[in-house]
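Labels such as "buried" or "salt bridge" deserve a challenge. Let's ask where each one comes from.

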Amino acid sequence: ERTSRPQVTPGEEHPVKAFGWAARDQSGYLSPFNFSRRETGDEDVRFKVLYCGICHSDLHSIKNDWGFSFYPLVPGHELVGEVTEVGSKVNKVKVGDKVGVGCMVGACHSCESCENDLENYCPKMILTYNSIYHDGTFNYGGYSDTMVANERYIVHFPENMPLDAGAPLLCAGITVYSPLKHFGLAQPGKHIGVVGLGGLGHVAVKFAKAFGAKVTVISTSPSKKDEALVHLGADSFLVSRDPDQIQAAMNTMDGIIDTVSAVHPILPLLGLLKSHGTLVLVGAPDKPLELPVFPLISGRKMVAGSGIGGMKETQEMIDFAAKHGITADIEVVSMDYVNTAMERLAKNDVRYRFVIDIGNTLAATKP
């Protein structure tokens, strides 16, 4: 288990002082933490962090659910703020611009994936936190006052995109936008199913509707029907545990975006697809799912996976969202509320994304 790190104190590793909240062990309990960030390199952009979304993977990471967490760990990969400094070779953004950083801050830039603007599939992709950067030092995430990243990984926020409600799009938004585009589902007249109405699912509905698709929300919770139809504008609602409802919708969908990260049966979902339809898994259950092969063969159906998106597509997604007024539904919380927010997130008690108001509440927590 990679739970220890180089023996330099985090505050002395780099010249720029930084402050955030970190987990120290597998309890996942977060508390104030002094560390440091690197100097602004020629191709780097530094920004003051104003908001940071809380992604479900932050919760998994602080508790070491996946077995590869380093401590101390500063989570956060939906961070947005205002540029304070740019390197001499930076031409994408300028001081004062509103920007964000999503799930990654580096890649090899020479492989086939990188050359095709798919840094997210580079074998050497570097995550925003809980990873080692090119210089051998440790990466800390967005629950902090300042961030520095190579300009390639900086997303420019259009003027009309609110920073707080736009932040979750850097992870949740691109995770559903990318497969809709890649699998040919971002077209008027397509019928798209969205499984699970959480942080990812609710923005999947918004993007699919903006593309002109007919959208059916598929959920185990009948209580979410009004939310799906009235609030989010879905066209229909299906209770996945009701065999009659599933039967009535058989062979009607062009594609399904499955956002559920718990183990669940996919046989009923495959039945909902038309021939040549695609079930795209973007949630990540920790145990393998059962794959029934016969329904795949009998309809030439596909089961696929998709993970975030490249930087070019992430910028395209933010611009599209700004144009169509798409944001996440959020609950803004203060930095000192973060442990309570994590407890609530574990119980799915949020509609639909917590966002920490770093700019207004972090400094007050300094010891």
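The questions and answers below go through a predicted model, label by label.

Q: Why is Asp44 called buried?
A: Asp44 has 7% relative accessibility. Buried means under 20%. So Asp44 counts as buried. Asp44 sits in strand S3.

Q: What does the side chain of Asp44 reach at 2.9 Å?
A: It reaches the backbone nitrogen of Gly41. The side chains of Asp44 and Arg38 are also joined, by a polar contact of 3.0 Å. The cut-off for a polar contact is 3.5 Å between N or O atoms. Leaving out residues up to four places away in sequence, Asp44 touches several others, including Glu85, Val86, Val148 and Ala149.

Q: What makes the pair Glu85 and Arg46 a salt bridge?
A: The N to O distance is 3.5 Å. The limit is 4 Å, from a side-chain nitrogen of Lys or Arg to a carboxyl oxygen of Asp or Glu. The pair therefore qualifies. Glu85 belongs to strand S4 and Arg46 to strand S3, 39 residues apart.

Q: Which of these partners is buried, and which is partly exposed?
A: Arg46 has a relative accessible area of 6%. That is under 20%, so Arg46 is buried. Glu85 stands at 38%. Partly exposed lies between the 20% and 50% cut-offs, so Glu85 is partly exposed.

Q: How do you know that Lys98 and Glu82 form a salt bridge?
A: Their side chains meet at 3.5 Å, N to O. The cut-off is 4 Å, so the label holds. Lys98 lies in strand S5 and Glu82 in strand S4, so the pair ties together parts 16 residues apart in sequence. Lys98 counts as partly exposed at 29% relative accessibility. Glu82 counts as partly exposed at 32%.

Q: What makes Lys274 partly exposed, and Asp254 buried?
A: Lys274 has a relative accessible area of 31%. This falls between 20% and 50%, so Lys274 is partly exposed. Asp254 stands at 18%. That is under 20%, so Asp254 is buried. The two side chains meet in a salt bridge of 3.2 Å, N to O. Lys274 is in strand S14 and Asp254 in strand S13, so the bridge ties together parts 20 residues apart in sequence.

Q: How many salt bridges does the structure hold?
A: It holds twelve. Glu331, Arg344 and Asp349 are linked in a network of them.

Q: Why is Gln315 called buried?
A: The relative accessible area of Gln315 is 19%. The cut-off is under 20%, so Gln315 is buried. Gln315 is in helix H10. Beyond four places in sequence, Gln315 touches Ile154, Val155 and His156.

Q: What makes Gly283 buried?
A: Gly283 has 16% relative accessible area. Under 20% is buried, so the label follows. Gly283 is placed in the loop between S14 and H9. Setting aside neighbours within four places in sequence, Gly283 is in contact with Asp258, Thr259, Val260 and Ser261. Gly283 and Gly201 are 9.9 Å apart, C-alpha to C-alpha, and 82 residues apart in sequence.

Q: Why does Leu291 count as partly exposed?
A: Leu291 has 47% relative accessibility. Exposed needs over 50% and buried needs under 20%, so Leu291 is partly exposed. Leu291 is found in the loop between S14 and helix H9. With Val293, Ile297 and Val303, Leu291 makes a nonpolar surface patch of about 350 Å². Patch residues need over 30% relative accessible area, so at 47% Leu291 passes that cut-off.

Q: What makes H4 mostly covered?
A: Nine of its eleven residues are buried. Among them are Ala172, Ile174, Val176 and Leu180. The buried residues of H4 pack against S10, H5, S13, S14, H10 and S17. Just after H4, Gly184 takes a positive phi of about 70 degrees.

Q: Which residues have the most contacts inside the largest nonpolar core?
A: They are Phe157, Leu169, Leu180, Ile192, Val205 and Phe207, in a core of 57 residues. Elements that each supply at least two residues of this core include H4, S10, H5 and H10. A second, separate core has 46 residues, including Val49, Tyr143, Ala149 and Val333. Beyond four places in sequence, Ile192 touches Leu180, Ala208, Val215 and Ile257, among others.

Methods: Residues numbered from 1 in each chain as written. Predicted model: local features only at pLDDT ≥ 70, side-chain atom pairs only at ≥ 80, totals over all residues. Heavy atoms only, no water. Core = buried A, V, L, I, M, F, W, Y, C linked by side-chain atoms within 4.5 Å. Buried < 20%, exposed > 50% of the residue type's maximum accessible area, 1.4 Å probe, protein only. Helix = DSSP H or I, 4+ residues; strand = E, 2+ residues; numbered from the N terminus. Contact = heavy atoms within 4.5 Å. Patch = residues over 30% accessible without salt bridge, like charges linked within 9 Å, V, L, I, M, F, W, Y side chains within 5 Å. Areas by Shrake-Rupley, 256 points an atom, 1.4 Å probe, with all protein chains shown as cover. Polar contact = N/O pair within 3.5 Å; in protein donor to acceptor, adjacent residues only side chain to side chain.
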